[in-house]
Amino acid sequence: MKTIVSISTPLGRGAISIVRMSGKDSLKIALKVFHLKEREIKPRYMYFGKLEIEKGVFEECLMVYFKAPNSYTGEDIVEFQIHGGVLLAQKVVELCVKKGCSLAESGEFSKRAFLNGKITLDKAEAIIGEINAESEAELNSSLKITNGKLAEKIDEEQKKLTELLAEIEVSFDYPEYDYEDIVKAKVYDVIRKIKKENDEIIEMSKSAVYLKNGINVAIVGRANVGKSSLLNALLGEERAIVTDIEGTTRDSLKESFMHKGVKINLIDTAGIRKTDDVVEKIGIEKSLKSLKSADVVLFVRDGSSSETEEDREIKQNIKDKVVINIINKTDKPRVLKEKENEVEVSAITNKNINLLKDMIVETIIKNDIDANALILTNERQLATLKKCDEWIEKIFKAKELSMDVIAMLIKNLWKELGKITGNTENEDIISLIFSKFCLGK
Ligand SMILES: Nc1nc2c(ncn2[C@@H]2O[C@H](COP(=O)(O)OP(=O)(O)OP(=O)(O)O)[C@@H](O)[C@H]2O)c(=O)[nH]1
Ligand SMILES: [Mg+2]
């Protein structure tokens, strides 16, 4: 049975994370990545040492070894206790995978415990139930903290908007003071700040979701440009069938790999072309479907031949997606006209394959996740925050319009923000504050 690895602590919180391996090669693999003084590892002792996370970058951590059958799964287990943070933990997982581990499926540790007679089936079920309940509870409690902090932030933003509205109102009352310009400048200053804060929350939240689920990457292009070859090059193994016959790939193929601590889910698709073959047609429909769910599209073209109608059609199909333009077969003389924003690769010589991996991750994950960052995993809140962005956009567009239009838009933004925390009813607060605000009094 394969040696498996996974992060055993919940995502995005806590001072430490635990990465756990189970299987007969656990210790062997651990000793390949973990540098320590001791020669002999005794079971159930904690060892201090270093993991080489990247070339020359070390992470000090603790390691403990449980010898089969005296372990949770009944197999050899090694656990690393490392500092908190998802990225770091995922990098450690990646290290273990590089040295021969497979990524564990969910519940696989308990499944093995059951298979090895360590626990009964009903206990296994109970444990899985408990884990789910626990992580849900944990998730909820961490959300509560996040929500508390979020509510504070939203309240603050609403307060700032209320003050703006009050000042606008004052400027109406005293037109002779030439107030409007000053107030307008202030309005846009505040709105810009709110936009920045909200964008940060949205960006972080998106990154968190990608860290959890991985990035979906669809490889598309016309037949024979080397999509399957590119998939193999990215995976570092001959996974997909490659031939010089057009229409080799008929069914979508999914494979994942880790890069920089992020899971990348690749989908190789059938080359898009006109065909009478029924099976291939279904494959092409599937290609178009997987396009929809892709976070990033790798649009592959053959650099050694000229552009075709199909290339242009595909380009049209993906114009709303996040696209990385790939020119493959650059080991051969270039025929295709050069354009900006292209990555020249060769699936045969592996040219720029690592660069491409970096690009996939960097295109999607803009920020390292800080455990203390405000992260929204609640879809409704995230959607509302995006709505707020639309109001902000409208306020920016209204810059040249009169102050009462701007004030109306600000009120709408205020209300939209309130939907996140439920603070929308107290609209009369606004009037209350207005009544208190009076220039010179
Ligand atoms: N010289 C060169 N040949 C390549 C490169 N990449 C792929 N090929 C060749 O191009 C042909 C098609 O490759 P595939 O990977 O099967 O192409 P595909 O886009 O998956 O094709 P379909 O599945 O039919 O849509 C094969 O003969 C590959 O060996 C490359 O970078 N350089
Ligand atoms: Mg193919």
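A polar contact is a pair of N or O atoms within 3.5 Å. In this predicted model, such a pair links ligand 1 to S228: an oxygen atom of the ligand is 2.9 Å from an N or O atom in the side chain of S228. The ligand occupies the second largest pocket, and 23 residues surround it. Beyond the ligand site, this briefing covers an open sheet of 7 strands, a hairpin formed by β9 and β10, and two backbone features in loops, at P69 and R44.

**Ligand 1: polar contacts and burial**

- The side chain of T249 places a polar atom 2.8 Å from an oxygen atom of ligand 1.
- I348 takes part through its backbone, where an N or O atom lies 3.4 Å from an oxygen atom of ligand 1.
- The protein buries 89% of the 650 Å² that ligand 1 exposes when taken alone.

**Ligand 1: surrounding shell**

- Among the 23 residues around ligand 1, the closest are K227, S229, G247, T249 and D331.
- Helix α6, which spans residues 227–235, supplies the largest share of this shell, with 3 residues.
- Sorted by class, the shell holds 11 polar, 6 charged and 6 nonpolar residues.

**The seven-stranded sheet: order and edges**

- An open sheet is built from 7 strands in the order β3-β4-β5-β6-β2-β1-β7, and its pairing is mixed.
- Its edge strands are β3 (34–35) and β7 (102–103), each of which pairs on one side only.
- Strands of a sheet pair through backbone hydrogen bonds, either parallel or antiparallel.

**The seven-stranded sheet: individual pairings**

- β3 runs antiparallel to strand β4 (residues 46–54), to which 2 bridges join it.
- In this pairing, H35 stands opposite K50 of β4.
- Strand β1 (residues 4–7) pairs with strand β2 (residues 16–22) in the antiparallel sense, over 4 bridges.
- The bridge partner of I4 in β2 is S22.
- β1 also pairs with β7, where the strands run parallel and 2 bridges join them.
- V5 stands opposite L103 of β7.

**The hairpin of β9 and β10**

- Strand β9 (residues 253–259) and strand β10 (residues 262–268) pair over 7 bridges in the antiparallel sense.
- S256 has N265 in β10 as its bridge partner.
- The hairpin has 2 residues between its strands, and K260 takes a positive phi near 50° there.

**Backbone features in loops**

- The peptide bond from A68 to P69 is cis, with omega near 0°.
- P69 is found in the loop that lies between β5 (57–66) and β6 (77–83).
- R44 has a positive phi of about 65°, although R44 is not a glycine.
- The loop between β3 and β4 contains R44.

Conventions:
Residues are numbered from 1 along each chain as its sequence is written. Chains are lettered from A and ligands numbered from 1 in the order in which they are written. This is a predicted model: local features need pLDDT of at least 70, side-chain atom pairs count only at pLDDT 80 or more; totals for chains, interfaces and linings use all residues. Side-chain values use heavy atoms; hydrogens and water are left out. A residue is near a molecule or strand if one of its heavy atoms lies within 4 Å of it. A polar contact is a pair of N or O atoms within 3.5 Å; within protein, one must be able to donate a hydrogen and the other to accept it, and residues adjacent in sequence count only if both atoms are side-chain atoms. Accessible areas come from the Shrake-Rupley method with a 1.4 Å probe; for residues, only the protein chains shown count as cover. On a 1 Å grid over the protein atoms alone, a cavity is a set of points where a 1.4 Å probe fits but cannot get out, and a pocket is an open set with protein on both sides within 12 Å along at least five of seven lines; lining residues have an atom within 4 Å of a point. A molecule sits in a cavity or pocket if more than half of its atoms lie within 2 Å of its grid points. Ala, Val, Leu, Ile, Met, Phe, Trp, Tyr, Cys and Pro count as nonpolar, Asp, Glu, Lys and Arg as charged, and the others, Gly among them, as polar. Two strands pair if DSSP finds at least two bridges between them.
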